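This report concerns a single molecular structure, which is shown below. Please keep the sequence and the structure in view while reading.

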Amino acid sequence: MKKRTLQRGLGVFWWLTLVFLYLPLVVVMVFSFNSANSAAHFTGISLRWYRRLLGNEEILSAFANSMVLAITSSVIALVIGCLIGYGMYRHRHRKLGWLIVLIYLPIVLPDIVFGISEMTFFVQIHRLTGILQPGIETMIIAHVTFQIPFVALIVYSRFVGLDPSLFEAAKDLYASPWQRALHFMLPTIKPALLSAFFLSFTLSIDDFVISFFTAGPESATLPIYIWGAIKKGVSPEINAIATLMIGAVAIAAVLSLIFSYRRQR
Amino acid sequence: MAETSMALRSRALVAESRHLLFTVAPGAIWIFVFLVLPSAYLMGVAFMTTGPYGLPEMPLSLDSFRRLAGFGFLGWSPGNLYTLLRSLWQTLVSTALVVVIAYPIAYYITTCREKWRPIMLLVVVVPSWTNQVIRTFGWMNLLAPGTPLAGLAESVGLINPNMGLYPSNFAVTLGLVYNFLPFMVLPLYAAFEKLDTAQVQAAQDLYASPVRAFWHAVFPQTLPGLLAGTVLVAIPAFGMYVIPELLGGGKGMMLGNLVANQFAGSANWPLGAAGAILMLIATFIGLFAMRRVGKRLGGGEEVVI
């Protein structure tokens, strides 16, 4: 009897927490359809803020920048991180403490310190040599730097989970290391590569602080644009872009759910 | 004979080393050049003198640390000290609140049917996939003047009429709790899922009161998860920039804002770099302390993030 009351209380608490978690997102979504220019009063449904988005050059270029940044950095990080992950596995019996420290560094560094380090470094390099002007290139470099560890750790843990005798079998089957890589390793770690790419992409899209400090005047991404718009004074257009971005996340969530249920079966 | 085998072995060693070089070097060099060197440079900047436009100059000095401690041209002012104390306080309060909310939630998920659990976890995590700026913007909408929440606070007498609930320290705490809740639920859930129920059963068989059974049979088993969650919450909370910037205003500033401001607007790179060093020290003390405690509890592996 007592146990049941506890369980019911926890259930209520669970739903309250969900309200807490989703309320800010729901408010943004609801007010993106508001016909009035107000964050406090909902006067009627309209799509005027979405129509405004389509005509806004700045937003469209910010969207393009976000995509170019996320895709390019994820591809580079996938290649480099995959190599490290495999190297860590093959040579796991050696003392690689320095490598572990190096790989965990981007993860534990507070992102404000991360962003400012990169920014001061790029500014000084640019002053001395003229290369690496703050812009999309410096942002890509910074994003790859924080994506590499995640790719490496995902790939490494996939290799650790494999039966070591598989590697022996592959050695007998294929003569050259390249053939082994192409026909055995890449196919076996394909799921890990996919989830590493997906994670890198999400990390890039989700990042604000590091992008903010490494960006140039022409390379604003969507979060940077939204930040600027909030600082200038709240406009309902922000609700509309934010709603589209929340929608993208919702689609990703559903996809990952389907993916995980499929894998279970 | 022995010679050839030696030669073979050394050749194999060379091949292995070359393999290590080819696989590990690109990433290691990348992180070294684009993160270790920049951070080392930033550390160095903290010990330089502030030149025109706030850029660092020679000679070396400890001036920036003196400035960080509050000593300026006009004597000592407590502003920076308040900012530091506020960062510590906000970290402490928000981490505690996150624990209080996440603990029952993580437990509740483990009591539900197995097929629902992945969905429940996903539902908790999904809000944190949306961009931090957007999430914080959502709270700005909720706490602005004229909204139901602000109206409620006004009628209770918490705030003056026509004021919003932000900018305020309360709004920053709320934003932090909101932001970091999933990071605590996940490791706690993992701990609850592995919970050895035989211990709880034993406690009940020995007529332990529910409270005693909880403290002696359940709580110790969830400590590793709690510690991992604390690392994931407290360290980034201490260095938070976005939330205090949007929800805190001038009187809600935290260390992250103090540091960031020195690289924009009123620039003073050495002062900002000194603040960054402080943040790094706090981070590494936090990590080290958690590892020590984690090792003593014997559940060390979860604590290593």
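The sections that follow treat annotated spans, selected helices and two loop residues.

This is a predicted model, in which local features need pLDDT of at least 70, side-chain atom pairs count only at pLDDT 80 or more, and totals for chains, interfaces and linings use all residues. Residues are numbered from 1 along each chain as its sequence is written, chains are lettered from A and ligands numbered from 1 in the order in which they are written, and side-chain values use heavy atoms, with hydrogens and water left out.

**Annotated spans**

In an unreviewed entry, UniProt lists the feature "transmembrane region" for chain A at residues 12-33, 59-84, 96-116, 136-156, 192-213 and 240-261. For chain B, the unreviewed UniProt entry places this feature at residues 20-48, 88-109, 121-140, 170-192, 213-243 and 263-289. Such annotations may be inferred rather than shown by experiment. The table describes some of these spans; helices (H or I, at least four residues) and strands (E, at least two) are DSSP runs, numbered from the N terminus.

| Span | Helix | Strand | Distance between end C-alpha atoms |
|---|---|---|---|
| Chain A, residues 12-33 | 91% | 0% | 30 Å |
| Chain A, residues 192-213 | 91% | 0% | 31 Å |
| Chain B, residues 88-109 | 100% | 0% | 31 Å |
| Chain B, residues 170-192 | 100% | 0% | 31 Å |

**Helices of chain A**

Helix α4 of chain A (residues 97-108) has 12 residues, and at 1.5 Å a residue it should span 16 Å; the expected span is 1.5 Å times one less than the number of residues. The end C-alpha atoms of α4(A) are 16 Å apart, which agrees. Within α4(A), the residues A:Leu99, A:Leu102, A:Ile103, A:Leu105, A:Pro106 and A:Val108 are buried, that is, under 20% relative accessible area (1.4 Å probe, protein chains only), whereas exposed means over 50% and partly exposed lies in between.

The axes of helix α8 (residues 177-188) and helix α9 (residues 190-206) of chain A come within 4 Å and cross at roughly 55 degrees. Therefore α8(A) is oblique to α9(A); angles under 35 degrees count as roughly parallel, over 145 as roughly antiparallel, 65 to 115 as roughly perpendicular and the rest as oblique. Axes are lines fitted to C-alpha atoms, for helices over the stretch in contact, and angles run from 0 to 180 degrees between N-to-C directions. Contact (heavy atoms within 4.5 Å) is made by A:Leu186, A:Pro187 and A:Thr188 of α8(A) with A:Lys190, A:Pro191 and A:Leu193 of α9(A).

**Two loop residues**

A:Leu132 lies in the loop between α5 (111-129) and α6 (136-160) of chain A. The phi of A:Leu132 is near 60 degrees, a positive value in a residue other than glycine. A:Leu132 counts as partly exposed because its relative accessibility is 23%.

In chain B, B:Pro167 is found in the loop between α6 (148-156) and α7 (169-193). The peptide bond from B:Tyr166 to B:Pro167 is cis, with omega near -5 degrees.
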